[in-house]
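Work through the exercises below with the model open beside you. Try each task before reading its solution.

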Amino acid sequence: MRDMTKPALSSRTAPQGKVLAFSGRLDAEAAATLWPAMTRALAEQPKAIDLSEVETMDSAGAILVLRAGDAVAVEGGSPDVLAVLERNRAALKAAPAPTEAPRDFAPITAFGGTVYGGIQAALSGIAFAGEALVAAFRVMFRPRLFRGAEFLRHLDEIGLRAFPLTLLLGFLIGLILAYQSSIPLKRFGAEIFVPNLVGISLLRELGALLAGVVLAGRTGSAFAAELGTMTVNEEVNALRIMGIDPMVMLVLPRILAGILVMPVLTLVMNLAGLTGMTVVMQSLGFPWSAVSNQLQQWLALGDLMGGLFKSCCFGLVIAAIGCRAGLSAGFGPRAVGDAATAAVVGGIVAIVAMDGVFAILFFRLGI
């Protein structure tokens with residue numbers, strides 16, 4: 001005799017066509033077991049389903065049977081089985097038909113998403129700045145919290161080790177500016193004014209700006225990658241659990257190192273650029289004494305101090321953006337790379353925007 005408690009699905013050929021026969025208990029477990037067989041059987045387009053050997057049925061079993069659709073007749077079945085089947089058939093018919101979601105107007109949606117993301121980023125940046133400021137005040141009253149060894153390590157990494165790149169870039173920039181500015185000035189016999197043009201450009205604008213680009217590309221990304229790795233590995237959360245403030249331990253030494261290193265890098269960039277300009281002037285037949293006289297005549301201490309002041313602000317912003325990008329990194333294989341990219345892009349955009357603001361401010365103040 002057939003085991004009535006074991007679910008089974010069979011088929012037979014009848015005069016009206018193929019008939020599917022269920023047997024046993026049609027519950028959730030049986031529906032999961034017989035689902036693939038039911039899918040293959042429906043491909044052969046049966047004409048009826050026989051439920052005469054079904055012992056019991058629940059909603060999952062009813063859904064399995066109702067997959068055949070209204071075009072397939074249901075034969076046999078006890079009153080309880082048919083009642084469950086009819087209740088589920090009525091529930092499926094009463095369910096609202098799925099409607100297509102309204103299509104959003106793409107330009108407005110994209111603009112709104114961009115504005116919302118910008119507001120969220122601005123609020124996050126303000127919160128980060130506030131936390132850093134509070135941490136700085138804590139360190140002022142409790143200096144033992146500040147990690148001097150970590151601070152010296154960052155000075156070495158972002159300062160001394162960046163000197164070769166800064167020297168090379170500054171020398172090439174001075175060389176290029178001198179050559180390019182000498183071409184139009186030569187038409188008027190005014191090559192002697194090349195040191196004035198290059199010197200003022202380097203000391204007031206390009207020295208600090210190019211040093212900031214070097215710091216953002218070399219150090220901002222390093223800060224973001226290092227802190228992003230710690231965030232992904234949940235080391236930052238471990239510090240918080242141990243009662244250690246990550247802002248004091250990880251952020252403040254990097255920000256202070258960035259502020260102190262940037263003026264030095266700017267000076268190195270300026271000196272290397274002036275050296276490159278001097279080489280070009282000597283190749284054009286102008287002695288060092290002539291170049292030196294022009295620089296002394298046209299350059300003032302205020303030009304140098306203005307560039308150094310801007311470089312301090314650039315160092316603060318670049319270090320803060322790199323640290324914030326690392327601490328706000330997500331999780332996954334792309335988190336660290338995305339944090340480093342955000343630090344570089346954000347740092348360069350920030351210093352260029354700040355340089356424009358400083359240019360307008362200095363112009364209005366007559367500095």
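**Exercise 1.** Is Phe-309 buried, exposed or partly exposed?

*Solution.* Start with the ground rules. This is a predicted model, in which local features need pLDDT of at least 70 and side-chain atom pairs count only at pLDDT 80 or more, while totals for chains, interfaces and linings use all residues. Residues are numbered from 1 along each chain as its sequence is written, and side-chain values use heavy atoms, with hydrogens and water left out.

Next, take the cut-offs: buried means under 20% relative accessible area, exposed means over 50%, and partly exposed lies in between (1.4 Å probe, protein chains only). Phe-309 has 46% relative accessibility, so Phe-309 is partly exposed.

**Exercise 2.** Find the aromatic pairs and classify the one between Phe-309 and Phe-358.

*Solution.* The search of the whole structure gives 3 aromatic pairs. Rings of Phe, Tyr and Trp (its six-membered ring) pair if their centres lie within 6.5 Å; planes under 30 degrees apart are stacked, over 60 edge-to-face, and the rest tilted. For Phe-309 and Phe-358, the centres are 5.8 Å apart and the planes stand at 80 degrees, so this pair is edge-to-face.

Now place the two residues. Phe-309 is in helix 11 (residues 301–327) and Phe-358 is in helix 12 (residues 335–365). The pair links distant parts of the chain, 49 residues apart. Helices here are DSSP runs (H or I, at least four residues), as are strands (E, at least two), numbered from the N terminus.

**Exercise 3.** Extend the search from Phe-358 to Phe-362.

*Solution.* First check the cover. Phe-358 is buried, because its relative accessibility is 10%. Phe-362 is buried too, at 11%.

Then check the rings. Phe-358 and Phe-362 form a tilted pair, with 5.8 Å centre to centre and 40 degrees between the planes. Both residues lie in helix 12, 4 residues apart, or about one turn of the helix. Finally, join the results: ring pairs link Phe-309, Phe-358 and Phe-362 into a cluster.

**Exercise 4.** Describe the surroundings of Asn-88.

*Solution.* Locate the residue: Asn-88 lies in helix 3 (residues 79–94). Asn-88 is buried, since its relative accessibility is 12%. The side chain of Asn-88 reaches the backbone oxygen of Val-84 at 2.7 Å.

Now look beyond the neighbours within four places in sequence. Asn-88 is in contact (heavy atoms within 4.5 Å) with Ser-59, Ala-62, Ile-63 and Leu-66.

**Exercise 5.** Which backbone oxygen lies 2.9 Å from a polar atom of the side chain of Thr-341?

*Solution.* Go to helix 12, where Thr-341 is found. Thr-341 is partly exposed, because its relative accessibility is 48%. The backbone oxygen in question belongs to Gly-337. For a wider view, compare Thr-341 with Thr-229: they are 112 residues apart in sequence and 14 Å apart in space, C-alpha to C-alpha.

**Exercise 6.** Assess the overall form of the protein.

*Solution.* Count the elements: the protein has 12 helices and 4 strands. Next, take the radius of gyration, computed over C-alpha atoms; the globule rule is 2.2 Å times the number of residues to the power 0.38. A compact globule of 367 residues would come near 21 Å, but the protein has 37 Å. Along the principal axes, the C-alpha atoms fill a box of roughly 115 × 60 × 35 Å. Last, check the cover: 38% of the 367 residues count as buried.

Definitions and conventions. Polar contact = N/O pair within 3.5 Å; in protein donor to acceptor, adjacent residues only side chain to side chain.
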